[in-house]
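Colleague: Can you walk me through this fold? Keep it short.

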Amino acid sequence: MFSWLGTDDRRKKEPEVFQTVSDGLKKLYKTKLLPLEESYKFHEFHSPALEDADFDNKPMVLLVGQYSTGKTSFIRYLLEQDFPGMRIGPEPTTDSFIAVMHGDTEGVIPGNALVVDPKKPFRKLNAFGNAFLNRFVCAQLPNPVLESISVIDTPGILSGEKQRISRGYDFAAVLEWFAERVDRIILLFDAHKLDISDEFSEVIKALKNHEDKIRVVLNKADQIETQQLMRVYGALMWSLGKIVNTPEVIRVYIGSFWSHPLLIPDNRKLFEAEEQDLFKDIQSLPRNAALRKLNDLIKRARLAKVHAYIISSLKKEMPSVFGKENKKKELIASLGDIYKRIEREHQISPGDFPNLKKMQDQLQAQDLTKFQPLKPKLLEAVDDMLANDIAGLMVLVRQEETQMPNAVVKGGAFDGTLDGPFGHGYGEGAGEGIDEAEWVVARDKPVYDEIFYTLSPVNGKVTGANAKKEMVKSKLPNTVLGKIWKLADIDKDGMLDDEEFALANHLIKVKLEGHELPSELPAHLVPPSKRKIPE
């Protein structure tokens, strides 16, 4: 008689099956999260509704910084090509938000036309009005880098008297809108200009809740001496520590991101290593894009749930007939107590609640009597999405990642140092001697041979136990020496001949000099007698 109850219950607990992560996110959002958002006016308080383009678009990188920190030059450096609307100069030159995206032909799309294009993820920016849209353009051009990512250039953040001149739109709110939707936020600092102005401080606070996306670049670092650079780096970390409230130290990349000669080349190797790390981070964005969108949807769902509890609590407290205005003022004033009560009743983390002051300001303009009471079914749908459907999508994310191992950003500056003698570490450490006809280990082999013959070799080989006594003198940990042993014992017989022993000592030297060991032995390090003769 009541068999349909059991069927419905089962249907709810079995997660839906999706073909792609993007399709799954779209369907879950529209069927389970959007109804909750619409019922409790989430879009009026926090963030506009998401559209298909938000789930389908390429990963985006947002560049933020004070004027003349090299944001536009940084994009020019990555693309190795000028883009339409680009202006570079020492004074505030970029006065617009420029979305640099891939297109078959080079051109500029103005903001008002851009926000009506359903294929672009910018439609909801029309809420910021003409003052903003007149300062927003999309620069399209055919460039291999832009086939994988899009870059958002922003107006330089002002300091001193300039920041008192109103922009005509809420600059921090626009950046917050972008921060929710981008995959990486890069804060650029000029090594000569570390002061964080009031406007910059506001901007960094607007990026709160997105600290996981933030990376910091200390640009123009080739213009100062090493000793000064250390002081500048320390001062930057101190300044950031006062504004970015995270227990972890924020990642700072040091370098000179433009294609001009280095003014002070002393720190060239440091800049190369830092650039390589930053490029790896940016290159990983296409592979991690689905996971980022999934993560952002979970964050949004948690906020939407908390928002629903707040709105329904306010509705519950409102009188139906008399004293509405007085009660509204009283409720807004005691919103902090309502937060604490909801936190206790529903076991919600304090970090999931929206900013108290901002929420109080927004509630002033609302009619609290028109708010909706608590609707358990809408909340259950979101809970079901978080508990069951998201787990299924996580599996699909991993499958998609394994199917596209080569999904990295290519072209432009990313290809400049991948191969050839200017690749990172080429000719250093384990790469030393790569271009030489002679085996590089042979240079020091006479010294290694002397040690080898003191270890009582039998039939031209020393045992593992005897080799170990010598290798541990390097004071390297066993895990590192174990890896060196695996690389050096080429014939895998558990013993080392004179060439293998010399190779082991060469790899110990490489490690002691501060270089990384290769995961596999490079061809140029294989001893001559062990090399396969081409047939």
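What follows is a run of questions and answers on this model.

Modeller: A word on the basis: this is a predicted model, where local features need pLDDT of at least 70, side-chain atom pairs count only at pLDDT 80 or more, and totals for chains, interfaces and linings use all residues. Residues are numbered from 1 along each chain as its sequence is written, and side-chain values use heavy atoms, with hydrogens and water left out.

Colleague: How many helices and strands does the protein have?

Modeller: Helices (H or I, at least four residues) and strands (E, at least two) are DSSP runs, numbered from the N terminus. On that basis the protein comes to 21 helices and 10 strands.

Colleague: What share of the residues of the protein counts as buried?

Modeller: Buried means under 20% relative accessible area, exposed over 50%, and partly exposed in between (1.4 Å probe, protein chains only). Of the 535 residues, the buried share is 48%.

Colleague: In what order do the eight strands of the open sheet run?

Modeller: Two strands pair if DSSP finds at least two bridges between them. The pairing in this open sheet is mixed. Its edge strands, each pairing on one side only, are β3 (107-110) and β8 (252-254). The eight strands follow the order β3-β4-β2-β5-β1-β6-β7-β8.

Colleague: By what angle are neighbouring strands of this sheet turned against each other on average?

Modeller: Axes are lines fitted to C-alpha atoms, for helices over the stretch in contact, and angles run from 0 to 180 degrees between N-to-C directions. For this sheet, direction is ignored. The average turn between neighbouring strands is 25°.

Colleague: In which sense do β2 and β5 pair?

Modeller: Strand β2 covers residues 97-102 and strand β5 residues 150-153. A99 stands opposite I152 in β5. The two strands pair over three bridges, and the sense is antiparallel.

Colleague: Which residue of β7 is the bridge partner of I185?

Modeller: I185 belongs to β6, where it is the bridge partner of L62. Five bridges join β1 to β6, and the two run parallel. Six bridges join β6 to β7, also a parallel pair. The partner of I185 in β7 is I214.

Colleague: Which residues of β6 are buried on the side of L187?

Modeller: In a regular strand the side chains alternate between the two faces of the sheet. Seven of the seven residues of β6 are buried. One side holds R184, I186, L188 and D190. The other side holds I185, L187 and F189.

Colleague: Which residues touch the most other members of the largest nonpolar core?

Modeller: A nonpolar core is a set of buried Ala, Val, Leu, Ile, Met, Phe, Trp, Tyr and Cys residues joined through side-chain atoms within 4.5 Å. The largest one has 50 residues. Apart from it lies another core, of 45 residues, including A308 and L379. In the largest core, the residues touching the most other members are F97, F122, F178, L187, F189 and L218.

Colleague: At about what angle to β1 does helix α8 run?

Modeller: Helix α8 spans residues 171-181. The helix lies across β1 (60-65), β2, β4 (136-141), β5 and β6 (184-190). Its angle to β1 is about 150°.

Colleague: Are α5 and α11 roughly parallel or roughly perpendicular to each other?

Modeller: Helix α5 (residues 71-79) and helix α11 (residues 268-283) pack at about 80°, with their axes 14 Å apart. Contact (heavy atoms within 4.5 Å) is made by F74, Y77 and L78 of α5 and E275, L278, F279 and I282 of α11. Angles under 35 degrees count as roughly parallel, over 145 as roughly antiparallel, 65 to 115 as roughly perpendicular and the rest as oblique. The two helices are therefore roughly perpendicular.

Colleague: How far apart in space are E225 and D266?

Modeller: E225 lies in the loop between β7 (214-219) and α10 (226-243). Leaving aside neighbours within four places in sequence, E225 is in contact with I264 and D266. E225 and D266 are 41 residues apart in sequence, yet their C-alpha to C-alpha distance is 7.9 Å.

Colleague: Is K475 buried or exposed?

Modeller: K475 sits in the loop between α19 (464-471) and α20 (478-488). Its phi is positive, about 65°, although K475 is not a glycine. With a relative accessible area of 77%, K475 is exposed.
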